[in-house]
Amino acid sequence: MGRLQGKIAVITGGNSGIGLATAKRFVAEGAEIFITGRRQEELDRAVEAIGARVTAVQGDVSRLDDLDRLFDTVREKSGRIDILFANAGLGTFAPLGAIDEASFDRTLSVNVKGTLFTVQKALPLMQTGGSIILTGSTTGAMGTAAFSVYSATKAAIRNFARSWALDLKGSGIRVNVLSPGATETPGLKGLVTPAEEAALLESLAAQTPLGRIASPEETAAVALFLASEDSSFMTGSEVFADGGAAQV
Ligand SMILES: NC(=O)c1ccc[n+]([C@@H]2O[C@H](COP(=O)([O-])OP(=O)(O)OC[C@H]3O[C@@H](n4cnc5c(N)ncnc54)[C@H](OP(=O)(O)O)[C@@H]3O)[C@@H](O)[C@H]2O)c1
């Protein structure tokens, strides 16, 4: 028996990186999953890679109509949600002095508004014993050069979990934050040009006490812990999967 046998899970941003690795792991542990993302081609590729018990619903988490369509599909197909992994997120590098309004609006809209309404619209389908996992980042707890807007969104997400744990008091639904450190994903590599990629990964590994960055599968293993009964007495918490980067 898998650790998520018979569970229904929704993973936003499930077509790439941490979300895709988690989708594969949740299915391997017995869950039936729904994944989202804006790019249909990547969703198709992900469905093929995951192989079974997966439904892809194309959509943008910052668009409330898309979220309604996602949860309508979940309601029709499965009738409930046991695990919600609000993982979709993005960022761009820009130091103070060079932050433009469009990238500020996009980052806030996807990471903060998208996370909030993903959770709020999923709630009517969530069950007692359900687990909500928000995706934070080590950057939410630290200063990071040229990354203040993204980092502020992750700090906001950290407070969402603290406050929502109170709003959900008595419901039997838990909400926690999974905060990865540098994890080798298309999203991380896409922060820089291909020519700058090796230097970025090297410098992030050097800043990490374990001396390397994470694989998406290592981060997915922590998502599995927060999704499963193993974390049944945890709510409002932040769990770092960061090789020690934000702990020292
Ligand atoms: N990798 C790291 O080092 C790291 C560290 C700390 C935290 N994180 C966080 O971990 C999460 C996953 O990141 P990742 O590194 O795995 O990046 P990734 O490979 O770029 O994956 C991001 C996922 O989010 C989806 N997405 C982005 N914007 C979306 C939107 N508006 N609506 C729906 N889906 C959207 C993307 O699909 P589409 O492009 O098709 O929409 C993709 O599936 C993010 O919240 C990120 O901030 C990552």
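**Cavities, pockets and the ligand site**

H3 contributes the largest share of the lining of the second largest cavity, namely 3 residues. The model discussed here is predicted, and the account begins with this enclosed space before turning to the other cavities, the pockets and the ligand.

The second largest cavity has a volume of about 40 Å³. Its lining consists of Thr 12, Thr 36, Val 57, Gln 58, Gly 59, Asp 60, Val 61, Asp 66, Leu 67 and Leu 70. Two elements give two or more residues to this lining, strand S3 (54-58) and helix H3 (64-77). In terms of class, 4 of the lining residues are nonpolar, 4 are polar and 2 are charged. Val 61, one of the residues lining this cavity, will appear again in the description of the ligand.

The structure holds 3 cavities of 30 Å³ or more. The largest of them has a volume of about 50 Å³. Around it lie Thr 92, Ala 94, Ile 99, Ser 103, Phe 104, Thr 107, Ala 146, Phe 147, Ser 148, Val 149 and Tyr 150. Helix H4 (101-122) and H5 are the elements that give two or more residues to this lining. The lining of the largest cavity comprises 7 nonpolar and 4 polar residues, with no charged ones, whereas that of the second largest cavity includes 2 charged residues.

The open spaces come next. The largest pocket has a volume of about 1,400 Å³. It is lined by 50 residues, and those lying nearest its centre are Gly 89, Tyr 150, Thr 185, Gly 187 and Leu 188. Tyr 150 also belongs to the lining of the largest cavity. At least two residues of the pocket lining are supplied by each of H1, strand S2 (32-37), H5, H6 and helix H7 (194-206). Divided by class, the lining has 19 nonpolar, 27 polar and 4 charged residues.

What occupies this pocket? The space taken by the ligand is the largest pocket. Helix H1 (17-28), helix H5 (148-167) and helix H6 (186-189) are the elements that give two or more residues to the shell around the ligand. Of these, H6 gives the most, with 3 residues. There are 30 residues around the ligand, and Asn 15, Ser 16, Arg 38, Tyr 150 and Thr 185 come nearest. Tyr 150 and Thr 185 are also among the residues nearest the centre of the pocket. The shell is made up of 10 nonpolar, 16 polar and 4 charged residues.

Several polar atoms approach the ligand. A polar side-chain atom of Ser 16 lies 2.6 Å from an oxygen atom of the ligand. Arg 38 likewise places a polar side-chain atom 2.6 Å from an oxygen atom of the ligand. In the case of Val 61, a backbone N or O atom lies 2.8 Å from a nitrogen atom of the ligand. Taken alone, the ligand exposes 880 Å², of which the protein buries 93%. Val 61 thus has a backbone atom 2.8 Å from the ligand and a place in the lining of the second largest cavity.

A further pocket completes the description. About 170 Å³ of space lies in the second largest pocket. Its lining is formed by Gly 129, Leu 168, Gly 170, Ser 171, Gly 172, Ile 173, Arg 174, Glu 229, Ser 232, Phe 233, Met 234 and Thr 235. These residues divide by class into 4 nonpolar, 6 polar and 2 charged.

Key. Residues are numbered from 1 along each chain as its sequence is written. This is a predicted model: local features need pLDDT of at least 70, side-chain atom pairs count only at pLDDT 80 or more; totals for chains, interfaces and linings use all residues. Side-chain values use heavy atoms; hydrogens and water are left out. A residue is near a molecule or strand if one of its heavy atoms lies within 4 Å of it. A polar contact is a pair of N or O atoms within 3.5 Å; within protein, one must be able to donate a hydrogen and the other to accept it, and residues adjacent in sequence count only if both atoms are side-chain atoms. Accessible areas come from the Shrake-Rupley method with a 1.4 Å probe; for residues, only the protein chains shown count as cover. On a 1 Å grid over the protein atoms alone, a cavity is a set of points where a 1.4 Å probe fits but cannot get out, and a pocket is an open set with protein on both sides within 12 Å along at least five of seven lines; lining residues have an atom within 4 Å of a point. A molecule sits in a cavity or pocket if more than half of its atoms lie within 2 Å of its grid points. Helices (H or I, at least four residues) and strands (E, at least two) are DSSP runs, numbered from the N terminus. Ala, Val, Leu, Ile, Met, Phe, Trp, Tyr, Cys and Pro count as nonpolar, Asp, Glu, Lys and Arg as charged, and the others, Gly among them, as polar. Grid points are joined across faces, edges and corners, and a volume is the space filled by probe spheres set on the points.
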